[in-house]
Amino acid sequence: MILKTGALLALMAAIFVADTLTRYEIAVAVFYILAILAASALLPARITRLLTVLAVLLTLASFALTRSGAYDTGLVNLAISLLAIGITAHLALKAVAARAAAERTQNRLFHIARATSLGEMAASIAHEVNQPLAAIATSASACQRWLDQMPPNIDRARQAARRMEDDAHRASEVIARIRAVTQAHKTAPQAVAPAHAIHETLALHAHELEHEQVHLLLDLPDSLPAVHADPILLQQVLGNLVGNALDGLRQVPPSERTLRIAVHAGGNGFAEFTVEDSGAGIGPDETPLLFDPFWTTKDSGAGLGLAIARSIVTAHGGEIAAHPAPGRGARLVFRLPVSKEASHD
Ligand SMILES: Nc1ncnc2c1ncn2[C@@H]1O[C@H](COP(=O)(O)OP(=O)(O)O)[C@@H](O)[C@H]1O
Ligand SMILES: [Mg+2]
């Protein structure tokens, strides 16, 4: 920040010298708007304000120090320069404030999104946590029995203790995942491995997938590039699509329930994610409505899942679309830009 401010001050100093040395008719001072525009894009608003005040003072000082040229023209140029500097600063700061407000609103929406889909996942989560807890209880009584024997069977007791430790870790991993999804955080796009995001999402739906006897097909080539995305928000999108697919699949007999998740690199700087189910499907009349907020065909639906998914995907510079799947069911496809760095996981 100090470096950028320094560079802009140097630019302003150069403009000041040029403005002072040239004749009244040459309005070098308008170039201060370059420094103000650069400041508004790169630096906090208060520094932009300070630089604007400085630009005005320097413009007045140059005018006072200039010795040659037509004074009247100089006066008009001075007025134009000051006006240009003032208007530019005002508009630039307004644009920055609008952008910040939009970002805040979006973050709030994303937070609500996480909280809503968490409600939907509650059943699944309860099972994911309960299972290791039940296993711990079983191992604990086994451990006690081995110790109560005469002589105590230390080896078997130790094995039981180790199982308890593993299960405790499993439970805390589930909790950590939930915490990651629910915490409000600032969006932080980074390099994310698509396969990792998909496995994390499926882990939170593992119970439902098993309970509904869904046949899962994953098509995730080893060579997939990382995508540039906020990992939690990417999971949010995938979670919404998987949740909808599950809802659709419940309406067909268990033997016909297939969920396919595939990712492939488009070769155009994007990776394409496909979530396809063999469930109830979407009619052609519904397709244009799917992404509208509050549009739902479910009794207990909020109609926000796809609207949120779309706002997340477009915020990342991608696109999302729904297609009736070939044969039967629904196919949701979204694209995200490929990351320029290697993935973190
Ligand atoms: N995979 C799918 N299969 C069938 N219908 C779907 C699918 N995904 C979305 N839909 C339709 O789109 C509507 C909106 O979805 P969404 O925005 O997630 O809201 P909600 O799930 O709360 O209804 C759903 O009510 C459903 O009619
Ligand atoms: Mg939904």
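Two strands are taken to pair if DSSP finds at least two bridges between them. In this predicted model, strand 6 (residues 319-324) and strand 7 meet that criterion, being joined by six bridges and running antiparallel. Within this pairing, His323 has Arg331 of strand 7 as its bridge partner, while Pro324 stands opposite Ala330 in strand 7.

Strand 7 is also joined to strand 5 (residues 270-277), in this case by eight bridges, and these two strands likewise run antiparallel. Here Glu276 has Arg331 of strand 7 as its bridge partner, and Arg331 is the partner of His323 as well. Of the eight residues of strand 7 (residues 330-337), six are buried, so that the strand is largely enclosed by the rest of the structure.

These pairings belong to an open sheet of five strands, in which the order is 2-4-5-7-6 and the pairing is mixed. The edges are occupied by strand 2 (215-219) and strand 6, each of which has a single partner strand, so one side of each is left without a neighbour in the sheet. On average, and with direction ignored, neighbouring strands of this sheet are turned by 10° against each other.

Helix 8 (residues 231-249) packs on the sheet, where it touches strand 4 (258-265) together with strand 5, strand 6 and strand 7. The direction of helix 8 makes about 20° with that of strand 5.

Notes
Residues are numbered from 1 along each chain as its sequence is written. Chains are lettered from A and ligands numbered from 1 in the order in which they are written. This is a predicted model: local features need pLDDT of at least 70, side-chain atom pairs count only at pLDDT 80 or more; totals for chains, interfaces and linings use all residues. Side-chain values use heavy atoms; hydrogens and water are left out. Buried means under 20% relative accessible area, exposed over 50%, partly exposed in between (1.4 Å probe, protein chains only). Helices (H or I, at least four residues) and strands (E, at least two) are DSSP runs, numbered from the N terminus. Axes are lines fitted to C-alpha atoms, for helices over the stretch in contact, and angles run from 0 to 180 degrees between N-to-C directions. Contact means heavy atoms within 4.5 Å.
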